[in-house]
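Biologist: I would like to take a close look at a single part of this molecule and to understand how it sits among its surroundings. Could you walk me through it slowly, as you would for someone in the first year of study?

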Amino acid sequence: MNPSVEDAHTRGPALWASVREALRGSHQDYTAGSLNRAILMLAIPMVLELVLESLFAVVDVFWVGRLGADAVATVGLTESMLALVMAVGLGLALSTTAMVARRIGEKDPDAAAISAVQAILLGLIVSIVIGIPAGIFAPNLLRAIGASPPIVASGSGYAIIALGGSGAIVMLFLNNAVFRGAGDAAIAMRLLWLSNILNLILDPFLIFGLGPFPRLGVTGAALATFTGRSVAVLYQFYRLLKGTERIHVLVRHLRVNLQVLWRLLRVSLTGILQFAVADASWIGMVKILAFFGAASVAGYTVAIRIVM
């Protein structure tokens, strides 16, 4: 047989075997063996995470779109403010992944667990500092960004839950960053799938009041999202305390380490600033669109969801 044909026959089954292992999340030492295979094993779960996240974004706005332009505009205006929260979460997640991955690569699981605990502590502090004021002043923030009185009247419940519960976003990002840094990308994928599937199931029930659920309108969409994310965060804590093949948080790790905490914060600041600059421009653009009415903001929101 031609050597190139033989190689192709060999690579095919090997590739699919790697894909199955990536989805299953079997234990791998990514510091040894083929670099290409390690990248593939880590990338597949991450890509599938984003696939479902993007699908949710479209389906979510599909259900909310049944309520009219004001409801979709509420989602768009609130999410432009949530983007700043996501910027903080992503910045913290980048430094967390890097620090945990470094300790795992050094074959020091205790140091990795300590880094994870400090990241979670930092995330909880940020969640409280951002979430409580944002939830209290959510209607005022909607007005400040250009929402019309009808949107503020119908969308305040959505904004209060979405902004007040923004800590769930930060913690979801951070905990998944710990798993990815430890090489448990498949667990991070499953947790995000759990969050989004719960969200997709609850959306129509809470929005339209199907079965025993009350009809909450656009507020129901925020409650569905918050519930899905919160359940996933609780399960993340359970998995960290139960332990995986790569990282296990024990009681002795549950202490404040100011040196690690400060290092995490210092490394995160650049990433937070980078994401915040881009997201701040998004808020400015949405504020301009708000001058043209709810239909314009709604159209922009739908278009952005499709582009995602």
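Modeller: What follows is a close look at helix H6 and then at the parts around it.

Please keep in mind from the start that this is a predicted model. The chain as a whole has eleven helices and zero strands, and 47% of its 308 residues are buried. Of the contacts that join residues at least 6 apart in sequence, 77% are between residues at least 24 apart.

Let us begin with the helix itself. H6 covers residues 149-164, and at Gly-155 the helix bends by about 60 degrees. Gly-155 is also one of the buried residues of H6, and the others are Ile-151, Val-152, Ser-156, Tyr-158, Ala-159, Ala-162 and Leu-163. When you read such a list, it helps to recall that an α-helix has 3.6 residues a turn, so residues three or four places apart point the same way. What do the buried residues of H6 pack against? Their partners are five helices, namely H3 (69-105), H4 (109-136), H5 (138-144), H9 (218-242) and H11 (294-307).

The partner H3 can be followed residue by residue, and Thr-78, which lies in H3, is a good place to start. Thr-78 has a relative accessibility of 0%, and therefore counts as buried. Leaving out residues up to four places away in sequence, Thr-78 touches Tyr-158, Ala-159, Ala-162 and Leu-163, and also Leu-142. Those first four names are already familiar, since Tyr-158, Ala-159, Ala-162 and Leu-163 are among the buried residues of H6. Although Thr-78 and Ala-159 are 81 residues apart in sequence, their C-alpha atoms are 5.9 Å apart in space.

Glu-79 is also in H3, but this residue counts as partly exposed, with a relative accessibility of 22%. The cut-off matters here, because buried means under 20% relative accessible area. Once neighbours within four places in sequence are set aside, Glu-79 is in contact with Tyr-158, Trp-282 and Arg-305. Glu-79 and Trp-282 are 203 residues apart in sequence, yet their C-alpha atoms are 9.9 Å apart.

Two residues of H6 bring us to the nonpolar interior. The largest nonpolar core has 46 residues, and Tyr-158 and Leu-163 are among those with the most contacts inside it, together with Val-64, Leu-77, Leu-92 and Leu-142. H3 gives this core its largest share, eleven residues. Val-64, another of these well-connected residues, is in contact with Ala-71, Val-72, Val-75, Ile-207, Val-218 and Ala-221, when neighbours within four places in sequence are not counted. Apart from this core lies another, of 20 residues, which includes Ala-112, Ala-113, Val-117 and Met-171.

Met-171 leads us to a second pairing of helices, in which H4, one of the partners of H6, meets H7. H4 and H7 (residues 167-181) pack with their axes 9 Å apart and at an angle of about 170 degrees, which means that H4 runs roughly antiparallel to H7. On the side of H4 the contact is made by Ala-116, Ala-119, Ile-120, Gly-123, Leu-124 and Ser-127, while on the side of H7 it is made by Gly-167, Val-170, Met-171, Leu-174, Asn-175 and Val-178. Of the residues in this contact of H4 with H7, eight are nonpolar, four are polar and none is charged.

H9, another partner of H6, holds Thr-225. Thr-225 is buried, at a relative accessible area of 13%, and it touches Phe-56 and Asn-199 when residues up to four places away in sequence are left out.

It is useful to set a second bent helix beside H6. H10 (residues 258-290) has a kink of about 35 degrees, centred on Ser-268, and Ser-268 is one of the buried residues of H10, as are Gly-271, Ile-272 and Asp-279. The buried residues of H10 are covered by elements that include H3, H4 and H11, and these three helices are also among the partners of H6.

Finally, look at the loop between H3 and H4, where Lys-107 is placed. Lys-107 counts as exposed, at 53% relative accessibility, and its phi is near 60 degrees, a positive value in a residue other than glycine.

Definitions and conventions:
Residues are numbered from 1 along each chain as its sequence is written. This is a predicted model: local features need pLDDT of at least 70, side-chain atom pairs count only at pLDDT 80 or more; totals for chains, interfaces and linings use all residues. Side-chain values use heavy atoms; hydrogens and water are left out. The bend at a residue is the angle between axes fitted to the seven residues ending there and the seven starting there. Helices (H or I, at least four residues) and strands (E, at least two) are DSSP runs, numbered from the N terminus. Buried means under 20% relative accessible area, exposed over 50%, partly exposed in between (1.4 Å probe, protein chains only). Contact means heavy atoms within 4.5 Å. Axes are lines fitted to C-alpha atoms, for helices over the stretch in contact, and angles run from 0 to 180 degrees between N-to-C directions. Angles under 35 degrees count as roughly parallel, over 145 as roughly antiparallel, 65 to 115 as roughly perpendicular and the rest as oblique. Ala, Val, Leu, Ile, Met, Phe, Trp, Tyr, Cys and Pro count as nonpolar, Asp, Glu, Lys and Arg as charged, and the others, Gly among them, as polar. A nonpolar core is a set of buried Ala, Val, Leu, Ile, Met, Phe, Trp, Tyr and Cys residues joined through side-chain atoms within 4.5 Å.
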